[in-house]
Amino acid sequence: MKASDLFVRCLEAEGVTHIFGIPGEENADVMISLKQSAIEFVLCRHEQAAAFMADTYGRLTGKTGVCLATLGPGATNLVTGVADANMDRAPLIAIIGQAGTDRLHKESHQNMDSIAMFRPISKWAETVSNARNIPEMVRKAFKIAEAEKPGACVLELPEDLAKHETDAAPMPTYKTRRPAADHKAVAQAIDIISQAKKPIILSGNGAVRKRAAKQLQIFAEKTGIPVVNTFMGKGAVPRSHPCSLFTIGLQGKDHIVPAINSCDVVIAVGYDLVEYSPEHWNKVPGKKIVHVDFMPAEVDDCYPVTVDVVADVADALWQMSEEMDKRSGPDDKLPLFNINDWAELRQTILDDFAMEKDDEVVPMKPQKILWDVRECLGPKDILLSDVGAHKMWVSRYYQCDEPNTCLISNGFCSMGFAFPGSIGAKIAHPERRVLSINGDAGFMMNVQDIETAVRNKLNIVAMVWLDGEYGLIKWKQQNQFDGEHSDLAFSNPDFELLAKSFGAWGRTLTKASQLPDLLHEAFQQQGPAIIAIPVDYSENLKLTKRLGEIELTL
């Protein structure tokens, strides 16, 4: 068969159902081969948006998301989304076109070394140089992308090679089982936990994957140890669970930071240092750290690991729970610790979340917006946060019932992620409601793909917080320079009219009491909906001040 047909057959063998992208003439053969396939090609309006769609699809399904672009500017436009998937641990494969092999050795139109560009931001990137290699290379790319920790792979297919004839066939797929944790490491970890006076669990991005959240909850209940999650670890333990101490990540003295300072043992489960540097939460020396993750711990002055439990996170937690059971005798009953010791702190945080729930001022306070959003969305519905000042508010105030129901880019931390990501989320889970929360700056970075959502009749809701500035940069500059900041203001379109010009539903909020009804109406549409909300970011500095004044109340 033709090489492009074989390439598509290999994608089918890997279970690919959707590809997001923009084709060019250099991958025309692949596109024609896709027409004969059951794989749906989601035509996008910008390659960066396509990569974010594939990124989110991979995070939510655990199966590799796939995006496609042509050579040169098509490939360079993919870069931010590919890097985001790689650093946020989402399985993704980018398929890029390339010039014919007869002109790769010389200066020629749009010819550049794309693979060299992608190598620093991916797990593996390679050019297909022989049609017979296609089955091996596709199988290798998917295997590497989905192996822990997941990330991005890139395959480049030159246009002339796509036309070659070959008798190769797709390779069979299979599951790779991860090894169990070393029994000595498990025993040492339980020794440390059993001897602790005040331990705490820090759950990260790796704790929300597959079975890990379930085993984490079992372990927390069995030991009586509370769990605090990073921005990307939300929902690992449900917000209603007495073991949940919610989210850490704001670089200030939030309630949970002094609580961690008072602990003698931290059990870090699926924690990535790219999410939230240990220098921000491990300021009191002397703690013992038990690192439970798919990979050995990164070396960091502020993260001196006492024991590395390296294995599949779910299985490692199961082994640790089993070890606890073996050791519990008549005089050593489980749980080891009383979770009620943390009840007062938990209630203090809950009271904090509810402080502005009845506020009716416009521009709206971030706390009030997020209270109404949480009341609207169900436990399985998906919220995506873009990057900006709103991300800090979402991270602190929006808590989850289940893993992978609040997606925040906090490894690569890229603006423009949330809106196109919501398209990938809706395609991955069409039965769920999907809401993106965007700043007015980040939303405009991929605004063109409103048309993609309209064309595909996807009922995704985009909430745009209006302040007419790069709010997070302003907030950080004000904190650093005694209230001073550089010129960060810009003007905005009328977002209601903008939505209508694309054929979408749009509204601009004028009264705080409108928000619940607007959300309800937005989720009843046949296509995308945009709600623009003036937001009061004077709350930013007030939050900074409050976070600096919190004292531990244990």
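The following exchange goes through a predicted model and sets its values against the definitions behind the words.

Student: What makes a local feature count in this model, and how are residues numbered?

Tutor: Residues are numbered from 1 along each chain as its sequence is written, and in this predicted model local features need pLDDT of at least 70, side-chain atom pairs count only at pLDDT 80 or more, and totals for chains, interfaces and linings use all residues. Side-chain values use heavy atoms, with hydrogens and water left out.

Student: Why is Q48 called buried?

Tutor: Buried means under 20% relative accessible area, exposed over 50%, and partly exposed in between, with a 1.4 Å probe and protein chains only. Q48 has a relative accessible area of 15%, so Q48 is buried. Its place is in helix 3 (residues 47-61), where helices are DSSP runs of H or I with at least four residues, strands are runs of E with at least two, and both are numbered from the N terminus.

Student: Which residues is Q48 in contact with, leaving aside neighbours within four places in sequence?

Tutor: Contact means heavy atoms within 4.5 Å. On that basis Q48 is in contact with N77, T80, G81, M415 and N446.

Student: What makes strand 3 and strand 4 a pair?

Tutor: Two strands pair if DSSP finds at least two bridges between them. Strand 3 (residues 65-69) and strand 4 (residues 92-98) have five bridges, in the parallel sense, so the two strands pair. L68 stands opposite I95 in strand 4.

Student: Why are strand 2 and strand 5 said to stand at the edges of the sheet?

Tutor: The open sheet has six strands in the order 2-1-3-4-6-5, with parallel pairing. Strand 2 (40-43) and strand 5 (124-127) each have a single partner strand, so one side of each is left without a neighbour in the sheet. Neighbouring strands of this sheet are turned by 20 degrees against each other on average, direction ignored.

Student: How is helix 4 placed against the strands, and what does its angle refer to?

Tutor: Helix 4 (residues 73-87) lies across strand 3, strand 4 and strand 6 (152-158), and runs at about 165 degrees to strand 4. Axes are lines fitted to C-alpha atoms, for helices over the stretch in contact, and angles run from 0 to 180 degrees between N-to-C directions.

Student: Is N86 in helix 4 buried or exposed?

Tutor: N86 has 16% relative accessibility, which is under 20%, so N86 counts as buried. Not counting residues up to four places away in sequence, N86 touches I121, S122, K123, P150, G151 and A152. N86 and F412 are 326 residues apart in sequence and 8.3 Å apart in space, C-alpha to C-alpha.

Student: Why does R89 count as partly exposed?

Tutor: R89 has 21% relative accessibility, between the 20% and 50% limits, so R89 counts as partly exposed. R89 lies in the loop between helix 4 and strand 4, and its phi is near 65 degrees, a positive value in a residue other than glycine.

Student: Why is D482 called exposed?

Tutor: D482 has a relative accessible area of 79%, over the 50% limit, so D482 is exposed. The phi of D482 is near 50 degrees, a positive value in a residue other than glycine.

Student: What makes the link from N459 to A522 a polar contact?

Tutor: A polar contact is a pair of N or O atoms within 3.5 Å; within protein, one must be able to donate a hydrogen and the other to accept it, and residues adjacent in sequence count only if both atoms are side-chain atoms. The side chain of N459 reaches the backbone oxygen of A522 at 3.0 Å, so the distance is within the limit. The backbone oxygen of G527 is also reached by the N459 side chain, at 3.0 Å. N459 is buried, with a relative accessible area of 11%.

Student: How do you know that helix 10 has close to the expected span?

Tutor: The expected span is 1.5 Å times one less than the number of residues. Helix 10 (residues 313-327) has 15 residues and reaches 21 Å from its first C-alpha to its last, close to the 21 Å expected. D312 caps the N-terminal end of helix 10, with a side-chain oxygen 3.1 Å from the backbone nitrogen of A314.

Student: What makes helix 12 mostly covered?

Tutor: Nine of the 11 residues of helix 12 (residues 366-376) are buried; among them are P366, I369 and C376.
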